[in-house]
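Please look over the model shown here, with attention to how its chains meet and how one of them is built. A short report follows the display.

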Amino acid sequence: MTLDQKILWTRISLILFGLGMWEGFCVCGIIDPYFFGQPTSICQDLWSMIIDGSIFFHTWITLFEAMAGFFLGAVFGCVAALILGMSPFWAKVLDPLIMVVYGIPRIALAPLFILWFGLGLASKIVFAFTLVFFLVFFNTFAGLKNMNQGMINTIRVMGAGRRQIMHKVILPGISPWVMAGLKSGMGMSLLGALVGEYIGGNAGLGWMINSAAGLFETNRVFSAIFALALLVMATNAVFNKIERRVLKWRPENINL
Amino acid sequence: MIQLDNICFSHIANDGTSVPTLQNLDMHIRENEFVSIVGPSGCGKTTLLEIILGLTRQDSGNVRINGATQNQTFGWAGYMSQSDTLLPWRTVLRNVQIGPEIKKIPKTEYEPRINKLIQKVGLTGNETRFPSELSGGMKKRVDLIRTLAFNPEVLLLDEPFGALDAQTRENLQQDLLSLWREEKKTIVFITHDLVEAIMMSDRIFLMGSKPAGIKKIFDIQIPRPRQYHVQFEESFIRLHKHIRQTFESLSGNQS
């Protein structure tokens, strides 16, 4: 057995052991499945939602809201940072305003977004957007502030214009920073979509968790959490793949 | 080729006061000449180079390149700064290509030239590696041929071999000398190493500090090509001593 296989099997055994303990406690009556759920019942519930397709529908809703908010936040965050990075005047003018807006706990704004954009997808997308925007914005801006002046100078001396410097030096140079912003933005966009659904919605995993908890359907809550965990794993895997491709020039192992 | 008249420059210190860095500096560099600028650290050598390049604007005085006033015109010189400025996301080959790419020279035209340069400095086989995978000496080699790849008339090199071990340094010096012989460029070379300056240059400009200007110019008439062992010959040692003494009497502190 190779080390990788060993790791995999140990991992699977650990998970099975945990689930077994949970199931055992329920069967022996040590914990009450009504409040704590029970693995076999959760499986049954999940299976029923796979059969009628409802789990896919709600997962898709949440994913769609998160991704839409993510892309809007990423694009606007990046562009805003580039514009302010290039114009110190506007950066100075807007700096306190940005900090004030950033300082407002966004969750306090969520009810407003529901009022303005309704119970449907739009309010969740806007909410996810406000979370992602600032993350990407601050990261990109920090990346610009950390650009190597010498690098820009050598290329400028070769006769590069503003556009060429932007394309060939600045954009690739800030890419690790932008990627770091996008990575945390990704998690935040899901959180935004979820919280939006909690506060007011009629579909999605957040809505499912909230409404099931209200009815004491603990197993349903766990089903939704399970779907959510899979969703997070999948989006992270996709993102890591993209990140490795984009940043393949970075030395991989850094010993701390 | 490069003509500096009466250059003055002050930089603004952190506390807001203006500190004169260069004062009434005159300098004339001829075509195809290899000159070194030597001076104590912090005397404004890098600032001088940046003024020639058009990256920094002088307070007064005139810079002329081939008779034309330097007014932030770029693209005529290759510049190698003290620090590592290779683009880490580009491979060796793509780093060297950046100059021709910016000048929009067609690939068919620059490719043979670049291949020749890569071979010349012994980087063949490393074309697809990233800078993070190279040793310090290799990085400097890539940087050196990157400044040459787009065939500029002038090279301005700011302590290019400063942080290298003696062996690598000598190899790179010889590489640079043979490239210069073949390519016929004007080279302005900043260093604080007198032996290096004498080894490489046609003329040495000695800068003093506070405020800095060109204090003395030395003609180096040691015949070329100069090999490494030239520095052990008596004429070389005498010249070295002479320049060293002038240098120390100027900087004041006998170290």
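The report takes up the interface between the chains, then the sheet of chain B, and finally the salt bridges.

The model is a predicted one, and the values below are computed from it. In the interface, 19 residues of chain A are in contact with 24 residues of chain B. Together the two chains bury about 2,000 Å², of which 73% lies on carbon and sulfur atoms. On the side of chain A, the three residues A:Val157, A:Met158 and A:Trp249 supply 37% of the area that this chain buries against chain B, more than any other three residues.

The polar part of the interface can be listed pair by pair only in part. Between chain A and chain B there are four residue pairs in polar contact, both residues being at pLDDT 80 or more, and the count of salt bridges between these chains is one. That salt bridge joins A:Lys168 to B:Glu101, with the closest N and O atoms 2.7 Å apart. As for the elements involved, α8 (149-157) and α9 (162-199) of chain A each supply at least two residues of the side that touches chain B, and the largest share, seven residues, comes from α8(A). By residue class, this side of chain A divides into nine nonpolar, seven polar and three charged residues.

Within chain B, four strands form an open sheet in the order β2-β1-β4-β5, with antiparallel pairing. Its edge strands are β2 (18-29) and β5 (68-69), each of which pairs on one side only. Strand β4 (residues 60-65) and β5(B) pair in the antiparallel sense over two bridges, and B:Ile65 stands opposite B:Ala68 in β5(B). Helix α1 (residues 45-53) of chain B lies across β1 (2-12), β2 and β4 of that chain, and runs at about 120° to β1(B).

Over all chains, the structure holds 19 salt bridges. Two of them are set out here.

| Lysine | Acidic partner | N to O distance |
|---|---|---|
| A:Lys168 | B:Glu101 | 2.7 Å |
| B:Lys139 | B:Asp84 | 3.8 Å |

What does the salt bridge between B:Lys139 and B:Asp84 tie together? B:Lys139 lies in helix α4 (residues 136-149) of chain B, whereas B:Asp84 lies in the loop between β6 (77-80) and α2 (92-102) of chain B, so the pair links parts that are 55 residues apart in sequence.

Definitions and conventions. Residues are numbered from 1 along each chain as its sequence is written. Chains are lettered from A and ligands numbered from 1 in the order in which they are written. This is a predicted model: local features need pLDDT of at least 70, side-chain atom pairs count only at pLDDT 80 or more; totals for chains, interfaces and linings use all residues. Side-chain values use heavy atoms; hydrogens and water are left out. Contact means heavy atoms within 4.5 Å. Buried area is the accessible area (1.4 Å probe) that two parts lose on being put together, summed over both. A salt bridge is a side-chain nitrogen of Lys or Arg within 4 Å of a carboxyl oxygen of Asp or Glu. A polar contact is a pair of N or O atoms within 3.5 Å; within protein, one must be able to donate a hydrogen and the other to accept it, and residues adjacent in sequence count only if both atoms are side-chain atoms. Ala, Val, Leu, Ile, Met, Phe, Trp, Tyr, Cys and Pro count as nonpolar, Asp, Glu, Lys and Arg as charged, and the others, Gly among them, as polar. Two strands pair if DSSP finds at least two bridges between them. Axes are lines fitted to C-alpha atoms, for helices over the stretch in contact, and angles run from 0 to 180 degrees between N-to-C directions.
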